[in-house]
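Work through the exercises below with the sequence and the model open. Each task is followed by a solution in steps.

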Amino acid sequence: MVRSWRPPRLVTTMTPLRISYIGGGSDIADFYEQDRGAVVSTACDKYIYVTVKAHSPLFNEAYRINYSVTEHTDSLADIRNDIVRECLRLVTVPAPLQVNIASDLPANSGLASSSAFAVGLLYALHTLRGEDVSAAQLAEEACTVEIERLGHPIGKQDQYAAAFGGLNLIQFHPGGAVSIDPISIGEDRLRVLFRDSLVFWTGIQRSAATILTEQRAKLADTRPLVAAMRDDAMVLRDKLRANCTIAEIGALLDSNWRRKRELASSISEERIDRWYEAALAAGAHGGKLLGAGGGGFLLLLAPPEKHAAVRAALGDLTEVPMAYEPRGARVLYAVT
C-alpha cells in the first residue's frame, strides 16, 4: 500500500552559538558596502533549542510562545517576542501553534543567541511546511528578520555562523553577498585551540543594540580601525592554516581587543579591564569579550600550564567549558 506523505506536526531544531575571534564591526552594512568586511568565528557546543508544534484548538488560543515568559494570544500582531512574530510572518504556518524556546546559556551574553534563535525557528517553520532549506537561505532569512524587518543595529556574521557551523572566515561584500571560507586545520589543531581557550562568564548581561548603535555613529572616525581588524581576520585565517602557535593567535586577539575598545565607549569598563589585565599577568596570551562587548563572556587563550593561575586570577568569575561544533543548525526530530 502506498502511503501519502504528510508534513510533520512537531519539529525541534538545535542551533549552535558561536565564538567570535576577529573582525566584528566589519559585518555591518555601513562598513562593508564601502570596504568589504571579514570575520573569523567558530560554532561551539552550546545551543538554542526551538520546538514548534501544532497547538490543540481546545486551548482556545492561536499562539502560545514559551521562553522566559509565556505568551498567549489570538493575534500574530500581538506576539511580543519580535523574532517569533517576524519569523512567523516571513515563513507562514497555519495557527494554532505552540513555540517553545530553550537555551544552554543566558541571552545577551555575546554568543549570538538571538541570531541562533532566528535561524533555528526559521528552520523549524520550513520543516513544518515540508520544505528543504539551505544554510545560506536560513542565514539570509534570519538577516531579513533581524536587520531589515526589525531594524536591529547588528551585522550579518552571527546568522551565518549559526546556520553553517564550523570554523570559518566569513566575508561580506558590497551589495550584501556573503562568502564562507571554511578554515580546515585538522582535528588535532582544533583540539589544541579549544584546549587552550578559557571562557569565563562575567555575570554582566547587556543589550548589544546600545553598543552597536554608538559604534555605527562613530564609524566615520573609526573606519581605519575596523579596516585593520578586518585585515587581521585574513591574517588569523592564514595563521591558523599555517599551524601557528597559540601565543601568536593570542597576541593577535589582544591587539584586536585593544582596537575594539576604541570603537565605542561602552564596549568595556573598569571591571572588565581589570579582569583582562589580571589574566594577562597570570600568563594568558590574549583574549577579548565575545560579541559586541560590554559584558557577557570573556575569552582567553593560555597554555595549559598557565590555566590554574588564570583561573585563580579570575576566581570571582565562572568558567564555562566549550568545545568545537562542526555543524550548523539542524533538525533534531520531526514527528508526523
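**Exercise 1. List the buried residues of helix 4 and find what they pack against.**

Step 1. In helix 4, the buried residues are Leu138, Ala139, Glu141, Ala142, Cys143, Thr144, Val145 and Glu146. Buried means under 20% relative accessible area, exposed over 50%, and partly exposed in between, with a 1.4 Å probe and protein chains only. Helices (H or I, at least four residues) and strands (E, at least two) are DSSP runs, numbered from the N terminus.

Step 2. This is a predicted model, in which local features need pLDDT of at least 70 and side-chain atom pairs count only at pLDDT 80 or more, while totals for chains, interfaces and linings use all residues. Residues are numbered from 1 along each chain as its sequence is written, and side-chain values use heavy atoms, with hydrogens and water left out.

Step 3. The buried residues of helix 4 pack against helix 2 (82-90), helix 3 (113-128) and helix 5 (157-164). Contact means heavy atoms within 4.5 Å.

Step 4. Helix 4 covers residues 135-149, 15 in number, and its first and last C-alpha are 20 Å apart, close to the 21 Å expected at 1.5 Å a residue. The expected span is 1.5 Å times one less than the number of residues. Just after helix 4, Gly151 has a positive phi of about 70°.

**Exercise 2. Compare the span of helix 3 with its expected value, and state how many of its residues are buried.**

Step 1. The 16 residues of helix 3 should span 22 Å at 1.5 Å a residue, and the end C-alpha atoms are 22 Å apart, so the two values agree.

Step 2. Because 15 of its 16 residues are buried, helix 3 is largely enclosed by the rest of the structure.

Step 3. Gly130, just after helix 3, takes a positive phi of about 75°.

**Exercise 3. Identify the pairing partners of strand 1.**

Step 1. Two strands pair if DSSP finds at least two bridges between them. Strand 1 (residues 10-22) is joined to strand 2 (residues 37-54) by eleven bridges, and the two run antiparallel. Here Arg18 stands opposite Ala43 of strand 2.

Step 2. Five bridges link strand 1 to strand 12 (residues 330-335), also antiparallel. Thr12 has Tyr333 of strand 12 as its bridge partner.

Step 3. As for burial, 13 of the 13 residues of strand 1 are buried.

**Exercise 4. Describe the lining of the largest pocket and of the second largest pocket.**

Step 1. A pocket is an open set of points on a 1 Å grid over the protein atoms alone, where a 1.4 Å probe fits, with protein on both sides within 12 Å along at least five of seven lines; lining residues have an atom within 4 Å of a point. A volume is the space filled by probe spheres set on the points, which are joined across faces, edges and corners.

Step 2. The largest pocket has a volume of about 1,000 Å³. It is lined by 44 residues, and Asn108, Ala112, Ser113, Ser114 and Ser115 are the closest to its centre. Elements that each supply at least two lining residues include strand 1, helix 3 and helix 7 (208-217).

Step 3. The lining of the largest pocket divides into 18 nonpolar, 18 polar and eight charged residues. Ala, Val, Leu, Ile, Met, Phe, Trp, Tyr, Cys and Pro count as nonpolar, Asp, Glu, Lys and Arg as charged, and the others, Gly among them, as polar.

Step 4. The second largest pocket has a volume of about 190 Å³. Helix 4 gives the largest share of its lining, five residues. The lining of the second largest pocket has seven nonpolar, three polar and six charged residues.
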